[in-house]
Amino acid sequence: MTNRQIHLIQESWERMKPVSRSLIARFYQDLFDEAPEYREMFKEDLAVQSAKMAAMLQFIVGKLSRFEDILYDIRALGESHQGYRLDQAAYDITGRCLLQSMAETIPEYWDSETEQAWLLAYNEIVAAMHVPMKS
Ligand code: HEM
């Protein structure tokens, strides 16, 4: 990722952070509307999961310029997801819903360059989640 892309992600995240609860709520709503079959994988009450997701985004965004430092954490996240038997389509839908809810949360700030930067970051995270821990 370029410095500019990292900057765009961090700047846009600063704008989303104060409303990250509603952002994540919107994200899960979108995801379960598009793919209702994923709903049963999650607990009935999404509050804890939503807080974890927001914290993970915060953590990753803060470390984007030193991505190699958090590879271990991302791989561990990937390992925790192995049991869910997710395919690429699951990650694609999830990424689309996440970016869509971001766009709807800060429409006045969101543009195609910001979207491209987030898409790249998301794909890098997913790729790192798929790297086995013991490699
Ligand atoms: C970059 C993509 C993703 C990120 C950053 C992410 C993040 C997280 C985090 C932080 C947790 C809680 C901690 C943990 O279990 O390790 C979690 C749990 C979980 N994730 Fe993900 N996730 C991603 C993709 C997905 C996808 C594509 C699915 C399926 C559609 C999914 C399904 C789940 C489930 C079922 C849980 C456990 C929920 C529960 O215990 O109720 N995740 N995820």
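# A walk through the helices

Let's start with two helices, α1 and α6. Helix α1 covers residues 3-16, and it packs against α6 at an angle of about 100°, with the two axes 9 Å apart. That angle makes α1 roughly perpendicular to α6, because anything from 65 to 115 degrees gets that label. Keep in mind as you look around that this is a predicted model.

Which residues make this contact? On the α1 side you'll find Q5, L8, I9 and S12. On the α6 side, look for E113, T114, A117, W118, L120 and A121. Sort these residues by class and you get six nonpolar, three polar and one charged.

Let's zoom in on one of them, A121, which sits in helix α6. Is A121 buried or exposed? Count the C-beta atoms around A121: there are 21 others within 10 Å, so A121 is buried. The cut-off behind that label is 20 or more. Now ask who touches A121. If you skip the residues within four places in sequence, A121 is in contact with M1, I9 and L64. M1 is a nice one to find on the model. Along the chain, M1 and A121 are 120 residues apart, yet their C-alpha atoms are separated by 7.6 Å.

Next, move to helix α2, residues 20-34, and see how it meets helix α3, residues 47-62. Their axes come within 10 Å and cross at roughly 115°. So α2 is roughly perpendicular to α3. The crossing of α2 and α3 is also right-handed. If you want to trace the contact yourself, pick out S20, R21, I24, A25 and Y28 in α2, then S50, M53 and A54 in α3. By class, this contact has five nonpolar, two polar and one charged residues.

Helix α2 has another partner to look at, α5. These two helices pack at an angle of about 135°, and their axes are 8 Å apart. What does that angle make α2 relative to α5? It makes α2 oblique to α5, because 135° is past the 65 to 115 range for roughly perpendicular but not over 145, where roughly antiparallel begins. The crossing of α2 and α5 is right-handed. From α2, the contact uses L23, R26, F27, D30, L31 and E34. From α5, it uses I93, T94, C97, L98, Q100, S101, M102, E104 and T105. The class tally for α2 with α5 is seven nonpolar, four polar and four charged residues.

R26 is worth a stop here. This residue is found in helix α2, and with 18 C-beta neighbours inside 10 Å it counts as partly exposed. Why that label? The number 18 is short of the 20 needed for buried, but above the 12 or fewer that would make R26 exposed. Leaving out neighbours within four places in sequence, R26 is in contact with S101, E104 and T105. For a sense of distance, try R26 and S65: they are 39 residues apart in sequence, and their C-alpha atoms are 28 Å apart in space.

Now for the ligand. There are 18 residues around it, and M41, K43, M56, S80 and T94 come nearest. Which elements give two or more residues to this shell? They are α3, α4 (71-82), α5 (88-105) and α6 (112-129). Helix α3 gives the most, with four residues. In terms of class, the shell around the ligand has twelve nonpolar, four polar and two charged residues.

Let's finish in the loops. D69 lies in the loop between α3 and α4. With 9 C-beta neighbours inside 10 Å, D69 counts as exposed. Take D69 together with A103: the two are 34 residues apart in sequence, and 28 Å apart in space from C-alpha to C-alpha.

One loop further along, between α4 and α5, you'll meet R85. R85 has a positive phi of about 50°, although it is not a glycine. Is R85 buried or exposed? With 8 other C-beta atoms within 10 Å, R85 is exposed.

Note on methods:
Residues numbered from 1 in each chain as written. Predicted model: local features only at pLDDT ≥ 70, side-chain atom pairs only at ≥ 80, totals over all residues. Axes fitted to C-alpha atoms, helices over the stretch in contact; angles between N-to-C directions. Parallel < 35°, antiparallel > 145°, perpendicular 65-115°, else oblique. Left-handed = near helix turned anticlockwise from the far one by under 90°. Contact = placed C-beta atoms within 7 Å. Nonpolar A, V, L, I, M, F, W, Y, C, P; charged D, E, K, R; others polar. Near = placed C-beta within 6 Å.
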